Amino acid sequence: MKKSTAAVLALAGILLAAGCGNDDNQDVEKNGAMAKIEGFWQGAIEVPGQPIPFNIEFADGDGTLSIPLQGVENYPLSTIKFDDPELAFDATVQGQRLVFEGQLDAETIAGTFTQQNQKFPFELALGTKEPPVDPEKIIETEVEGGVMQALEEIPENAGPHSVVILIAGSGPTDKDGNSLTLTGKNNSLKMIAEALKEQGIAVIRYDKRGVGDNAALAKSEADLRFENYTEDAAAWIRFAKQDERFMDVTVIGHSEGALIGLVAANQEGVDSYVSLTGVGRTADDLLREQLSSLPAAQFEEAEAILEKLAQGETVDAVSPELQQIFRPSVQPYLQSWMAYNPIEQVAKLDAAALFVGGTRDLQVPTSDAELLHEAKPNSELLIVDGMNHVLKKVPDDIEANMAAYADPELPLADGLIEGIVEFLKDN
């Protein structure tokens with residue numbers, strides 16, 4: 001299946017059909033100062049409640065716009081005007097003009113984004129563009145709707161090798177462990193893959209359907225189901241089992257990916273299973289806990305919606321404050337996710353299992369890893385001191401914890417890789 005040449009950018013209720021081809025009306029103003037802004041800039045349009053990450057690359061007097069969440073990649077800018085420190089650039093995308101006006105301040109660009117008279121602040125920081133992936137590392141397998149790509153890391157020593165299927169967490173998360181809804185990268189799954197490769201263990205990791213390399217497999221939100229993710233994971237398990245370069249197969253899932261991988265492992269059968277900060281409760285129980293700090297009226301509404309969803313019903317009337325979580329188009333997915341009880345799935349697992357939690361995890365407490373461990377006789381439990389939800393070591397400070405979500409230089413928490421490798425080599 002080829003990538004669609006159109007994408008939809010939703011900004012505060014504005015819908016923009018965005019083509020990804022060249023713009024014949026490109027008119028770039030070039031001047032000698034352009035060298036000062038050349039480079040790869042990444043940041044976000046700060047739409048209330050849903051920041052939209054994007055990046056700009058300036059090179060040789062020209063520029064391109066990418067909005068990964070919407071599948072817009074390397075779209076040419078129509079104009080660039082730079083009168084240090086004032087900078088303005090825009091792109092006309094299928095008749096809609098996106099305008100960015102701001103100022104350069106050292107290694108940041110900040111200002112105002114405008115679309116159809118709607119204005120939102122934006123900020124960009126000078127960053128480093130990821131190098132292109134070695135095409136020889138790209139593998140493919142058939143899934144519902146087409147062909148899915150993955151990246152394989154094969155140790156240099158002679159095989160066959162033990163292999164890990166590494167599954168990303170919730171939302172539009174890529175093979176490196178980075179969410180397209182967040183500014184910045186943590187690269188946690190990339191770090192795990194590289195560390196396991198150094199230990200002689202092969203790794204297969206993939207962008208979720210609808211993301212990055214697999215954007216063409218996107219479904220409309222209303223049609224997406226939890227089973228789409230579990231079936232994709234199952235396809236990679238089958239791929240690994242049939243590949244003579246590999247021997248025993250392990251699934252490692254992070255966060256929601258832990259449940260996705262668990263369901264797929266039960267379906268296809270694996271040798272080992274590792275849950276990284278996986279949840280030990282159903283999705284509705286998790287949401288209740290996460291929403292418990294809402295004002296009383298909103299929490300009561302959320303509880304009522306969750307009860308309806310659990311009964312197989314959907315809710316059309318959702319207050320503006322809860323639209324981001326319970327908008328009608330996402331409710332069928334929530335229902336499909338809620339149908340899976342992690343404890344019941346763990347009890348059915350016929351494989352060695354390791355459950356990992358972190359003492360600084362703000363999203364999933366260590367008690368979830370303990371619940372899963374208790375449900376599986378002879379399983380192993382690893383609680384990593386100081387580890388947060390993106391598997392980095394952080395101090396007991398909320399700001400530092402959240403900053404780790406966008407710090408690719410911060411190493412993985414001490415003891416995490418060592419614990420996983422010891423488990424894999426013992427099983």
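Strands β18 and β19 (residues 380-384) pair in the parallel sense over 5 bridges, where pairing requires at least two DSSP bridges between the strands and strands (E, at least two residues) and helices (H or I, at least four) are DSSP runs numbered from the N terminus. Within this pair, Gly357 has Ile383 of β19 as its bridge partner. The connection from β18 to β19 passes through helix α9 (residues 366-375), forming a right-handed β-α-β crossover; right-handed denotes a clockwise path from the first strand over the helix to the second, with the strands pointing away from the viewer. Strand β17 (residues 272-276) also pairs with β18 in the parallel sense, over 5 bridges, and Ser275 stands opposite Phe355 in β18. Of the 7 residues of β18 (residues 352-358), 6 are buried, that is, under 20% relative accessible area with a 1.4 Å probe, protein chains only.

The model is predicted, with local features requiring pLDDT of at least 70 and side-chain atom pairs pLDDT 80 or more, whereas totals for chains, interfaces and linings use all residues. Residues are numbered from 1 along each chain as its sequence is written, and side-chain values use heavy atoms, without hydrogens or water.

The largest nonpolar core (buried Ala, Val, Leu, Ile, Met, Phe, Trp, Tyr and Cys residues joined through side-chain atoms within 4.5 Å) contains 62 residues, of which Ile165, Ile204, Trp236 and Phe326 touch the most other members. Helix α2 (residues 226-242) supplies the largest share of this core, 9 residues. Beyond four places in sequence, Ile165 has contacts (heavy atoms within 4.5 Å) that include Ile204, Trp236, Ala240 and Val251.

Note on methods:
Buried means under 20% relative accessible area, exposed over 50%, partly exposed in between (1.4 Å probe, protein chains only).
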